[in-house]
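Please open the model in a viewer and keep the sequence panel visible. The tour below proceeds by selection, with the helix packing taken before the interior and the individual residues.

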Amino acid sequence: MASLYLNSLLPLPPSHPQKLIEPSSSSPSSLMSTSNGNEVSLKPIVINGDPPTFVSAPARRIVAVGDLHGDLGKARDALQMAGVLSSDGRDQWIGQDSVLVQVGDILDRGDDEIAILSLLRSLDGQAKANGGAVFQVNGNHETMNVEGDFRYVDARAFDECTDFLDYLEDYAQDWDKAFTNWIFESRQWKEDRRNSQTYWDQWNVVKRQKGVIARSILFRPGGRLACELARHGVILRVNNWIFCHGGLLPHHVAYGVERINREVSTWMRSPTNYEDSPQMPFIATRGYDSVVWSRLYSRETSELEDYQIEQVNKILHDTLEAVGAKAMVVGHTPQLSGVNCEYGCSIWRVDVGMSSGVLDSRPEVLEIRGDKARVIRSNRDRLHELQVADYI
């Protein structure tokens, strides 16, 4: 079973240095009203683990967004629906002190993957200035690309990698500035490439090879984008909510949540051309066994026997108890019915297949306030509440 500190939500283990995200004292978002009308400052967001694993975000509104798969337009739609992204085309954070969590699979099946990664990094900086934060969880498609598995890469995504490598030369060694600014410059690069294309480009084998090489350079272990992904874990707990791409099981918790995040991050950061380079961590990625929740819950409950339902419910209960959480939020498996929950809303499924490379569905997001959650979806460009669930 897991170490004892996982059974208590806070305080977090003192073995890791704390990183504080202080609300700006001059920002109205750093204040909250009390029952008697007085305003008091919000407590700072406290982050433990490298990459972030345990987060205390007192009194913050949390928004969870599912799989994006390289569709920048749908990503923007989802973030605007969530109330954290401006709709004026300037990609500005308007979420004040909100916390945004994206649950993985930004890569593959679309052609604006790096642009989405850049957008989230840009928004994170803006959010921190307002007492909020942006977190990402790596999904199986992130680990697949670092492993060199490009089966699901869109042909135009290889072009984005080629353009991005050329673009980096203009910034010399200033990676943070270059990466953050890509979201503001990628559209022009994309238009320039489209305007210069000819009919014969689709048959240009050398061009295709150049794109594969560019992607390999960026995403291989130790590559610039692999190191960027390594800044994020595969499991994240914010307050008493667990966020992961496919799911979490008791043996993951027993192995160590921080340990899993650290090992995957180390593997992503470490060049593979050394004999002592770490191997791809099996427990978190190779077997993809953490997708069990998404696979199981994608079936109708009526198809399961009573003893199976009871068994699954116990596993879920044991997992949440071990990690000190009340509910789990997962992506990975597109939900034809939209964002939904199961087992007393102990598990929420937020992948709606919004990418044009998947189901091209309308975006939906999950909003969490304390122990209450609601689904926000568009209905002819108007937002409405779909479901509200109270937790005891």
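Begin by selecting helix H1 (residues 72-81) together with H2, whose axes lie 10 Å apart and make an angle of about 30°. Helices here are DSSP runs of H or I with at least four residues, strands are runs of E with at least two, and both are numbered from the N terminus. Axes are lines fitted to C-alpha atoms, for helices over the stretch in contact, and angles run from 0 to 180 degrees between N-to-C directions. That angle makes H1 roughly parallel to H2, the class for angles under 35 degrees, with over 145 being roughly antiparallel, 65 to 115 roughly perpendicular and the rest oblique.

This is a predicted model, in which local features need pLDDT of at least 70 and side-chain atom pairs count only at pLDDT 80 or more, while totals for chains, interfaces and linings use all residues. Residues are numbered from 1 along each chain as its sequence is written, and side-chain values use heavy atoms, with hydrogens and water left out.

**The H1 and H2 contact**

Show side chains for Leu72, Ala75, Arg76 and Leu79 in H1, which meet Ala115, Ile116, Leu119, Leu120 and Leu123 in H2. Contact means heavy atoms within 4.5 Å. By class, this contact of H1 with H2 holds eight nonpolar residues, no polar ones and one charged. Nonpolar covers Ala, Val, Leu, Ile, Met, Phe, Trp, Tyr, Cys and Pro, charged covers Asp, Glu, Lys and Arg, and the others, Gly among them, are polar.

**H2 and H5**

Keep H2 and add helix H5 (residues 175-196): the two axes come within 8 Å and cross at roughly 115°. On the H2 side, the contact includes Ile114, Leu117 and Arg121, and on the H5 side Trp175, Phe179 and Trp182 are among the residues involved. The contact of H2 with H5 has nine nonpolar, five polar and two charged residues.

**The nonpolar core**

Which residues touch the most other members of the largest nonpolar core? Select Phe164, Phe243, Val329, Trp348 and Leu366, which do so in a core of 95 residues. Helix H2 (residues 113-128) supplies the largest share of this core, eight residues. A nonpolar core is a set of buried Ala, Val, Leu, Ile, Met, Phe, Trp, Tyr and Cys residues joined through side-chain atoms within 4.5 Å. Buried means under 20% relative accessible area, exposed over 50% and partly exposed in between, with a 1.4 Å probe and protein chains only.

**Helix H3 and Asn145**

Next, select H3, where seven of the eight residues are buried; Asn140, His141 and Glu142 are among them. Asn145 is found in this helix (residues 140-147) and is buried, with a relative accessible area of 0%. Beyond four places in sequence, Asn145 touches Leu107, Asp108, Phe150, Val153, Arg215 and Phe219. Just after H3, Gly148 takes a positive phi of about 95°.

**Ala214 in H6**

Move to Ala214 in helix H6 (residues 205-219), which is buried at a relative accessible area of 5%. Leaving aside residues up to four places away in sequence, Ala214 touches Cys161, Thr162 and Leu165. A C-alpha distance label between Ala214 and Asp163, 51 residues apart along the chain, should read 8.9 Å.

**The whole chain**

Finally, zoom out to the protein chain, with its twelve helices and 16 strands. Of its 392 residues, 55% are buried.
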